[in-house]
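Colleague: I am new to reading models of this kind, and I would like a close look at one nonpolar place on the surface, followed by a walk through the rest. Please begin with the term I need in order to judge how open a residue is.

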Amino acid sequence: MERSNIVKWLFLGLAIFMFIQFGKPLLFGDAAEQLQPLDVNDSTAPAERAPAEACVITGDRFKAELSTRGGSLRHLWMTDPKYTIGNGEPTPMNLVTTSLESRMPLRTDLRLPGGDAQQVPFDDLDWKLSAQDGKSCTFTYTDEATRLTKVVAATGRPFELTLQMTVENLGQEPRKHRLAVEQTAWRTQKDTEGSLGLISEWVTETVAATDQTTERQMPDAFEPDDFKDPEFTPERWRRTPGAARFVAVSSSYFTKVALPIEGPAAPAAETQIEEVWDTSRFAQKSSDPTFGHIYRARLAYPEHELAPGGSVTYKVLSFTGPKERDLLAAVGHGASEVINLGWFSPIAKLLVSYLYVLYRAVGSWGWAICLLTITVRILLFPLSIQQIKSAAAMRKLKPEMDEINARYKDDPTQRGLAMQELWRKNKVANPVVGCFPMLLQMPVWFALYTALQTAVELYHTPFGPVIPDLSAPGKYYIIPIILGASSFIQQKLMPPQGDPAQQKMMLYLMPGIFTAMMLFLPAGLGVYMLTNTWLGIGQQVLVERYLKAKDERSGGIEVREVASAEPQSATKKTQGDDKSAPALGKGKARVRG
C-alpha cells in the first residue's frame, strides 16, 4: 500500500475516533448509563431513634467500637505501629470504611424478604447497651413479641471477635426470621486504580467459600444485566453453591472475614457489589470523581420459625485485620484462601512458606527475600545451564555469524539455512530452543511476583536506609537506577544476537524497561529482581570461564577450508549476483566442531 494511502486511512480512523469520543456527545448528549437494580438507601429503621451509644472493645493488636444503632461495628483500629497512616503524627489505621447504617460490618438482619409474622419490625434496630467490660459488649432489644441478645466479644487472639445472637419469641403465635451477618467495605474507583504494574493496595474483592467451591468477585461481575443470571437470588445477592465455610471482603493486604460457628442450619455464602455515584449530577459514573463501590459479603442463614416461647442461638467468628499467614491459619476454616495468589498459587504458597522460614532464621524480610532469590536461582540452575552454554558458544561463533549476516543480508532464507548449518556443525542449540528453559521458569517468577506483591508482612517494613517500605517504591529511586545499570552489564555480557540495530535495542531497551518498571513497583520486588540480576551475572561469568577452560583443554573450535559443495538447497544463490562471494560453495570457510 502506498504511503499516501496509509496516511489517508490513518487520518480517517483518527477522525472517526474523535467524533465518537467528542463529537457524538456534543450532538446527541451523553446516553444515560444503565443502573443496577439496587437501592443503597434501603434502610428500614424506626422513625424516632434513641440516641446512639458506643461500646469499645480492646483486643489483641486492635481496638473496636460498636454502636447501639444496629449493634454493628463502627470502627476497628489496628494498634500495631506498622499499620498506621499519616506522615506527621501517624494514627492507627481504621479498617471500617463504610458510613451508612445499613452497610456496616457485623450488622445483623433478621427480616425475611417478604411475608407476615415477621419476628422484628426493622433491620436497623435501636439496641440497648446492657453490659460492657472492655472485652465484650452486650446489646439487647425487646418488644411485645421478641427478645434479642447480641454479644460481641474479643476472643483473645489477634483481630478476632465473636458475635453471638439469641432470638426469643415472646409472642402468642409462631414467628419467622432469617439471620444474615454481613462484612462490608467502601472504596472509590480512584482508590483501586493501580499504575504501571503496581497494584493498588486497596484493590478489593468479595470472597465466598463453601464446601463446594470458592468464588472471588470484582465489580465487573455485578453489571446491571448480570442480576438476571440464575446465580442471583430474588434479593439480588449472588449466591455461591454449597454450605458456607466463610465469606470475606478483602483488599491486597487486609480482610474482613465472617465464619459460621453455631446455628440451627448451615448458612449460604452471598456477595453483592453496589455501584455508588451521584446520578442526579452525572449521567456517566466515570464522570463522577467520587464514584465507587460498596463491597458486601454475608452469611445468610435459612428461614427459621420459632414457636411461642421458643428460642435459637447463632454464633459467628469475625476476623478483621491484616492478611498475615499465621493469623489466618489460626482462624481455620480455610480462611487463608482470602490471600489471592493467582493461577500459580501452589508454587506461591510454597515460596511464601519458605520465606517465613528464612525470616525466622535471619530476622529481616529484606534479607529473607535475598536468600529466597538465591535458593530459587540454584533450583532453576539446571534449566538455565543449557541456555548459558548456548550463549557462550554463540559468542565464539560470532565472527562466522557476522560473515553469514553480511553475505546473505538480502536473502533471509539462505541466511537462516546457513545459520542452522553453522549451529549444527558446532552442536549449538537453536536460540529459539534455548528459550524453553526460560519459559519453564515463568510460573515460578509469576508466583514469586504475586507472593511478594500481596505479602502484608512487607507492609511498612524497612530494609536498610534507602528502603523505608518494602511494599512501596524505594526512596530516591536508588533500586531502579542500580537495577538498570546491572541489567545493562548483563546485556553487555550476553552474546550479540540479530543485526546491529537489534543488538543496540536489546542493550539499551531492556535496562530502560527494568528501570521504568521499578520506579512504580514495590521495593520488595526490586530487591528480588536486583538480587536475581546479580546472580545471573555471576552465574554467566563463572559458567563461561568454566567452558572456556574446558574448551582450551580440548583444543577449541577449528576453522578450515572444505572442498565439498553444499547441497543445492543450501546454496541457492546465483553466481551472477556476487561472483566474489559464492554461496557456501567450494573455497567457503566452514566450521567444524
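Modeller: A residue counts as buried when its relative accessible area is under 20%, as exposed when that area is over 50%, and as partly exposed when the value falls in between. Please keep in mind throughout that this is a predicted model.

With those cut-offs we can turn to isoleucine 374, whose relative accessible area of 34% falls between 20% and 50%, so this residue is partly exposed. Isoleucine 374 belongs to helix α5, which spans residues 365-379. Together with Val362, Trp367, Leu371 and Ile378, Ile374 makes up a nonpolar patch on the surface, and the area of this patch is about 460 Å². Helix α5 supplies the largest share of the patch, namely 4 residues.

A second helix shows what the buried residues of such an element can be. Helix α10 covers residues 478-493, and because each of its 16 residues is reckoned at 1.5 Å, a span of 22 Å is expected, which agrees with the 23 Å between its end C-alpha atoms. The residues of α10 that are buried are Ile479, Pro480, Leu483 and Gly484, together with Ser486, Ser487, Gln490 and Gln491.

From the helices we can move to the strands. In general, the strands of a sheet are paired through hydrogen bonds of the backbone, and the pairing can be parallel or antiparallel. Here, 9 strands with antiparallel pairing form an open sheet, in the order β7-β8-β9-β10-β21-β17-β16-β13-β14. The edges are taken by β7 (128-132) and β14 (214-217), and because each of these has a single partner strand, one side of each has no neighbour in the sheet. On average, and with direction ignored, neighbouring strands of this sheet are turned by 15 degrees against each other. Inside the same order we find β16 next to β17; β16 (residues 244-250) and β17 (residues 254-262) run antiparallel and are joined by 4 bridges. One pair to look for there is alanine 248, whose bridge partner in β17 is valine 257.

Strands β1, β2 and β3 can be followed in turn. Strand β1 (residues 54-59) pairs with strand β2 (residues 62-67) over 6 bridges in the antiparallel sense, and glycine 59 stands opposite phenylalanine 62 of β2. These two strands form a hairpin with 2 residues between them, where arginine 61 in the turn has a positive phi of about 75 degrees. Strand β2 is then joined by 5 bridges to strand β3 (residues 73-78), again running antiparallel, and here glutamate 65 has histidine 75 of β3 as its bridge partner. The hairpin of β2 and β3 has 5 residues between the strands, and glycine 70 in this hairpin takes a positive phi near 85 degrees.

Positive phi values also appear in loops. Phenylalanine 159, although not a glycine, has a positive phi of about 65 degrees; its place is the loop between β9 (146-154) and β10 (160-169), and with a relative accessible area of 1% it is buried. Histidine 333 is another residue other than glycine with a positive phi, in this case near 60 degrees. Histidine 333 lies in the loop between α3 (325-331) and α4 (345-362), and its relative accessible area of 42% makes it partly exposed.

The charged side chains complete the tour, with a count of 27 salt bridges. One of them links aspartate 191 to arginine 187, with 3.7 Å between the closest N and O atoms; aspartate 191 is partly exposed at 28%, whereas arginine 187, at 15%, counts as buried. In another, aspartate 225 and lysine 228 have their closest N and O atoms 3.9 Å apart, and here aspartate 225 is partly exposed at 44% while lysine 228 is exposed at 68%. Glutamate 275 and lysine 285 also meet through their side chains in a salt bridge, at 2.8 Å from N to O. Because glutamate 275 is in strand β18 (residues 268-276) and lysine 285 is in the loop between β18 and β19 (292-300), this pair ties together parts that are 10 residues apart in sequence. Glutamate 275 and lysine 285 are both buried. Elsewhere, salt bridges with shared partners join Arg103, Arg107, Asp109, Asp124, Glu182, Glu274 and Arg296 into one network.

Technical notes
Residues numbered from 1 in each chain as written. Predicted model: local features only at pLDDT ≥ 70, side-chain atom pairs only at ≥ 80, totals over all residues. Heavy atoms only, no water. Pairing = 2+ DSSP bridges. Axes fitted to C-alpha atoms, helices over the stretch in contact; angles between N-to-C directions. Expected span 1.5 Å × (residues − 1). Buried < 20%, exposed > 50% of the residue type's maximum accessible area, 1.4 Å probe, protein only. Patch = residues over 30% accessible without salt bridge, like charges linked within 9 Å, V, L, I, M, F, W, Y side chains within 5 Å. Areas by Shrake-Rupley, 256 points an atom, 1.4 Å probe, with all protein chains shown as cover. Salt bridge = Lys/Arg side-chain N within 4 Å of Asp/Glu carboxyl O.
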